[in-house]
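Me: I have a structure open in front of me and would like to learn how to read it, feature by feature. Could you take me through it slowly?

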Amino acid sequence: MADDLDFSNPAGSPKPGAAPSAPAQVPVYIAAIARGFFESVGKEEAVAPGTVFFAENEKASRMLLKRDKMYLLLEGQVGLAAKGKALGFVKPGEIFGEMAAMTDSARSATAVAKTQCRVISLDEKQFNSALKKKPEFALMMMSVMINRLRSMIARQSGLPNAAAAKESPRVFDKTLLASLAAGLGEQATARYDKGKIIMVAGQTGALMYVVLEGRVAISIRGAVVQYVGPGGVFGEMALVDQSPRTANAAAEADCSLLGINRHVFLNLVKSDPTFGASLLGAVAERVRNTSAGLN
């Protein structure tokens, strides 16, 4: 059953007549799920006060087959700072360093052990292995990041910076995409001519979409904030937290799209760790881009 992956909170769903732009009360971070995920493959380690876990602008080298690690703090206190200013502290039960690990981006802050700490760290191989055992972690983190993304959009005024619009990361490789399209059948495929509207902000979202062919422009308040090409996805936010759409989507070129409903989506997260990891990376990248591109 996919229900055990459903972190949505029906009590937080918008009431009839509510403003569609109001952020939904979506699932919160659940420390027990995070701990179970990290403990499924990782080992505890002691960290001395003053240890730097990672530094701002640091980036792992793919040439050296090295990826950034993410951490779960079990005991102690970790301080975060950026641009010479303190950002706050990581508390026991919280994870840190996940954004750079998921997006291959440079670290946005420096993390230092302020006291004696105990942590569990996961590299890319361990992360993917843990997802096979604990797929519910992927959906929880998507919920957390989508909640963060919706809050950022709701707080912004004015138009987004269209110049910051980037291509969405590819979530499905060609093999998986072909297999999924064949499994769902022709009835799950929709075609849109260039310029046609695919979804509108405020609508209830019943499907997420995978681009099979063409290119889709995602816009907020009339400004394009992202482009989605073959293998990329959009509309997944409404499936995760069951809240109204936050953006418009239109065909930038003639498009062929694969529609995926919530049941299929949850089963994909549960059965295919690669899909969960790829979609997590895409959502994390969207959070980064939104943070940089909105005024």
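Me: How many bridges join strand 2 and strand 7, and in which sense do the strands pair?

Reply: Please keep in mind throughout that this is a predicted model. Strand 2 and strand 7, the latter made of residues 110–113, are joined by two bridges and pair in the antiparallel sense. Within this pairing you can look for Phe54, which stands opposite Ala111 of strand 7.

Me: What is the order of the strands in the sheet, and is the sheet open or closed?

Reply: The sheet is open and has four strands in the order 2-7-4-5, with antiparallel pairing. Strand 2 (52–54) and strand 5 (85–90) each have a single partner strand, and therefore one side of each is left without a neighbour in the sheet. From one strand to the next, the twist averages 30 degrees.

Me: Which residues touch the most other members of the largest nonpolar core?

Reply: The general idea is that nonpolar side chains tend to be buried together in soluble globular proteins. In this model the largest nonpolar core holds 68 residues, and those touching the most other members are Phe137, Phe172, Val216, Phe234 and Phe265. Helix 4 (residues 136–155) supplies the largest share of this core, with 11 residues. Apart from it lies another core, of 12 residues, including Phe53, Val90, Ala111 and Ala113.

Me: Which residues of helix 7 are buried?

Reply: Here it helps to know that an α-helix has 3.6 residues a turn, so residues three or four places apart point the same way. In helix 7 (residues 262–271), the buried residues are Arg262, Val264, Phe265, Leu266, Leu268 and Val269. At the start of this helix, a side-chain oxygen of Asn261 comes to within 3.2 Å of the backbone nitrogen of His263.

Me: What caps the N-terminal end of helix 5?

Reply: Asp173 caps that end of helix 5 (residues 174–184), with a side-chain oxygen 3.2 Å from the backbone nitrogen of Thr175. Just after this helix, Gly185 takes a positive phi of about 85 degrees.

Me: Is Ser105 buried or exposed?

Reply: The cut-off for buried is under 20% relative accessible area, and Ser105 counts as buried because its relative accessibility is 15%. Ser105 is found in the loop between helix 2 (98–103) and strand 7, where its side chain makes a polar contact of 3.0 Å with the side chain of Thr103. Leaving aside neighbours within four places in sequence, Ser105 is in contact with Lys59, Asp68, Ala100, Glu285 and Arg288.

Conventions. Residues numbered from 1 in each chain as written. Predicted model: local features only at pLDDT ≥ 70, side-chain atom pairs only at ≥ 80, totals over all residues. Heavy atoms only, no water. Core = buried A, V, L, I, M, F, W, Y, C linked by side-chain atoms within 4.5 Å. Buried < 20%, exposed > 50% of the residue type's maximum accessible area, 1.4 Å probe, protein only. Pairing = 2+ DSSP bridges. Axes fitted to C-alpha atoms, helices over the stretch in contact; angles between N-to-C directions. Polar contact = N/O pair within 3.5 Å; in protein donor to acceptor, adjacent residues only side chain to side chain. Contact = heavy atoms within 4.5 Å.
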